Amino acid sequence: MGNITENKLNTIISAAELLTIQDSIDQINRNLPDGSLTDEQRATMKAINVNNKIFVEDVITEMTVNGEGIIPPYVSTESIQTDISFFDQLDGIESGLMMLLQRVSDLKRIAGDEAYTGALVGYRLFEGASAAGINSAKQSYEKLKDRFQNNGGNSRPAPTEI
């Protein structure tokens, strides 16, 4: 659990920045060709790894160098080359997006932890004030206690560093 006095993030994304980010995501989507799979299709299609990617490249080389008279005209070396080149491009895009997604996920985790840690401290303050007999705190504490317990919390949250 985070430390209430340590606030790693104390920011929001401005409306203009959020719009720019969303526009960038939309632009990436617009620049990619159409194509999606059903769960069934994903389960039946072959995935490619380092070893079978090398195999594909080796086959392309052999088809180009030694394929005359062996490879029929309806098997297109160029199509296979285009597919593996597109795969390489997507692999680079995916790598960048995965790093970006991890960063977004980490920032989301930090913000969530800080928000929840702060809320737990606030909850405990209302709990203490209610126990001390401060009437204005009792109503807030009862409301928060119900919400806390309904969200899987204990009747008493775990201690936090203050």
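Helix H4 is followed by Gly133, a residue with a positive phi, near 90°. In this predicted model, H4 comprises 55 residues and occupies positions 77-131. The distance from its first C-alpha to its last is 78 Å, close to the 81 Å expected at 1.5 Å a residue. The buried residues of H4 are Thr77, Ile84, Glu114, Thr117, Leu120, Val121, Tyr123, Glu127, Ala129 and Ser130. These buried residues pack against two other helices, H3 (50-66) and H5 (135-150).

The protein as a whole contains five helices and zero strands, which gives the pattern α-α-α-α-α along the sequence. Its radius of gyration is 28 Å, well over the 15 Å that the globule rule gives for 162 residues, so the protein is more spread out than a compact globule. The C-alpha trace spans about 95 × 35 × 25 Å along the principal axes. Of the 162 residues, 12% are buried. Among contacts between residues at least 6 apart in sequence, 64% join residues at least 24 apart. The exposed area of the protein is about 13,200 Å², of which carbon and sulfur atoms supply 56%.

A nonpolar patch of about 820 Å² is present on the surface. The patch is made by Ile28, Leu32, Phe86, Leu90, Ile93, Leu97, Met98, Leu100, Leu101 and Val104. Helix H4 gives the most to this patch, contributing eight residues. One of the patch residues, Ile93, has its place in helix H4. Ile93 has a relative accessible area of 37% and is therefore partly exposed, in keeping with the requirement that patch residues have over 30% relative accessible area.

With respect to charged side chains, the count of salt bridges comes to four. One of them joins Arg42 and Asp39, with an N to O distance of 2.8 Å. Both residues lie in helix H2 (residues 39-44), where they are three residues apart, about one turn of the helix. In an α-helix there are 3.6 residues a turn, so residues three or four places apart point the same way. Arg42 counts as partly exposed, at 48% relative accessibility, whereas Asp39 counts as exposed, at 62%.

A further salt bridge is formed in helix H3, where the side chains of Lys53 and Glu57 meet at 2.5 Å, N to O. Lys53 and Glu57 are four residues apart, again about one turn of the helix. The relative accessibility of Lys53 is 19%, and this residue therefore counts as buried, the cut-off for burial being under 20%. Glu57, in turn, is partly exposed, with a relative accessible area of 31%.

Lys53 also forms a salt bridge with Asp88, the closest N and O atoms being 3.1 Å apart. Because Lys53 lies in helix H3 and Asp88 in helix H4, this pair ties together parts that are 35 residues apart in sequence. Lys53, Glu57 and Asp88 are thus joined into one network by salt bridges that share partners. Asp88 is partly exposed, with a relative accessible area of 35%.

How values were computed. Residues are numbered from 1 along each chain as its sequence is written. This is a predicted model: local features need pLDDT of at least 70, side-chain atom pairs count only at pLDDT 80 or more; totals for chains, interfaces and linings use all residues. Side-chain values use heavy atoms; hydrogens and water are left out. Patches are made of residues with over 30% relative accessible area and no salt bridge: like charges are joined within 9 Å, nonpolar side chains (Val, Leu, Ile, Met, Phe, Trp, Tyr) within 5 Å. Accessible areas come from the Shrake-Rupley method with a 1.4 Å probe; for residues, only the protein chains shown count as cover. Buried means under 20% relative accessible area, exposed over 50%, partly exposed in between (1.4 Å probe, protein chains only). The expected span of a helix is 1.5 Å times one less than its number of residues. Contact means heavy atoms within 4.5 Å. The radius of gyration is taken over C-alpha atoms; the globule rule is 2.2 Å times the number of residues to the power 0.38.
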